[in-house]
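User: Hi! I'm new to reading protein structures, and I'd like to walk through this one with you. Could we start with the overall build and then look at single residues?

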Amino acid sequence: MDYSTLGEIKNIDQGTKTIELTKVTNYNTLTKRWEKGTDETLDLTQAIVLVNDKPIPLEELYKIRKTSKAYLVKQKQTSRSTTYILLIED
């Protein structure tokens, strides 16, 4: 199952390779509408991160600015595992 989320970068933790999103909205595939969500913390260890359409390695998370807009595509393979494609626009 694929899920889409929009948000804004709230915090970046280079050490734990995580990003916090605020102003989160999730796309509901049943109602075909965007719905408000809660803040999310993303573990990027299994993610593909694109900043302005260019891939960056996790060692370069410092290049991402807070308040940047983020579009996230999640794929849940099991109830615990999630793979991300994170698109960030400055």
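User: In what order do the elements of the chain run from the N terminus on?

Analyst: Good place to begin, and keep in mind that this is a predicted model. The chain has zero helices and eight strands. Read from the N terminus, the order is therefore β-β-β-β-β-β-β-β.

User: How compact is the chain for a protein of 90 residues?

Analyst: Let's compare two values. The globule rule gives 12 Å for 90 residues, and the radius of gyration of this chain is close to that, so the chain is as compact as a globular protein of that length. Along its principal axes, the C-alpha trace spans about 35 × 25 × 20 Å. The radius of gyration itself is 13 Å.

User: What share of the residues counts as buried?

Analyst: A residue is called buried when its relative accessible area is under 20%. As for the outside, the chain exposes about 6000 Å², with 51% of it supplied by carbon and sulfur atoms. Of the 90 residues, the share that counts as buried is 32%.

User: Which strands each supply at least two residues of the largest nonpolar core?

Analyst: This core has 18 residues, and those touching the most other members are Ile-19, Leu-21, Leu-44, Val-49, Ile-64, Leu-86 and Ile-88. In soluble globular proteins, nonpolar side chains tend to be buried together. The strands that each give at least two residues to the core are β2, β5, β7 and β8.

User: Which residues does Ile-64 contact, leaving aside its neighbours within four places in sequence?

Analyst: Ile-64 is one of the core residues that touch the most other members, so let's see what surrounds it. Its contacts beyond the close sequence neighbours are Ile-9, Ile-12, Ile-19, Val-49, Val-51, Ile-56 and Ile-88.

User: Along β8, which side chains point to the face where they are buried?

Analyst: In a regular strand the side chains alternate between the two faces of the sheet. Strand β8 shows this pattern: Thr-83, Ile-85, Leu-87 and Glu-89 point to one face and are not buried. The buried ones, pointing to the other face, are Thr-82, Tyr-84, Leu-86 and Ile-88.

User: Does β8 run parallel or antiparallel to β5, and what about β7?

Analyst: Let's take the two pairings in turn. Five bridges join β5 to β8, and Ile-48 has Ile-85 as its bridge partner in β8. Eight bridges link β7 and β8, with Leu-72 standing opposite Leu-86. The β5 pairing is parallel, while the β7 pairing is antiparallel.

User: Is Leu-21 buried or exposed?

Analyst: Leu-21 sits in strand β2. Among the residues it touches are Ile-9, Leu-42, Ala-70 and Leu-72. Because its relative accessibility is 0%, Leu-21 counts as buried.

User: Which residue in β4 stands opposite Leu-21?

Analyst: Strands β2 and β4 run antiparallel and are joined by four bridges. Strand β4 has an uncovered face with Thr-41 and Asp-43, and a covered face that includes Leu-42. The residue we want is 19 residues away from Leu-21 along the chain, with the two C-alpha atoms 5.2 Å apart. Opposite Leu-21 stands Glu-40.

User: With which side chains does the side chain of Lys-74 make polar contacts?

Analyst: Lys-74 lies in strand β7. With a relative accessible area of 13%, Lys-74 falls under the 20% cut-off, so this lysine is buried. One polar contact has a distance of 3.5 Å, and another has 3.2 Å. The partners are, in that order, Thr-5 and Glu-40.

User: Which backbone nitrogen does the side chain of Asn-28 reach?

Analyst: Asn-28 is part of strand β2. Leaving aside neighbours within four places in sequence, Asn-28 is in contact with Arg-33 and Glu-35. Its side chain also reaches, at 2.8 Å, the backbone nitrogen of Leu-30.

User: How far apart in space are Asn-11 and Arg-65, C-alpha to C-alpha?

Analyst: Asn-11 belongs to strand β1 and is partly exposed, with a relative accessible area of 29%. Its contacts include Ile-19 and Lys-66. Asn-11 and Arg-65 are 54 residues apart in sequence, while in space their C-alpha atoms are separated by 8.9 Å.

Note on methods:
Residues numbered from 1 in each chain as written. Predicted model: local features only at pLDDT ≥ 70, side-chain atom pairs only at ≥ 80, totals over all residues. Heavy atoms only, no water. Buried < 20%, exposed > 50% of the residue type's maximum accessible area, 1.4 Å probe, protein only. Contact = heavy atoms within 4.5 Å. Polar contact = N/O pair within 3.5 Å; in protein donor to acceptor, adjacent residues only side chain to side chain. Core = buried A, V, L, I, M, F, W, Y, C linked by side-chain atoms within 4.5 Å. Pairing = 2+ DSSP bridges. Rg over C-alpha atoms; globule rule 2.2 N^0.38 Å. Areas by Shrake-Rupley, 256 points an atom, 1.4 Å probe, with all protein chains shown as cover.
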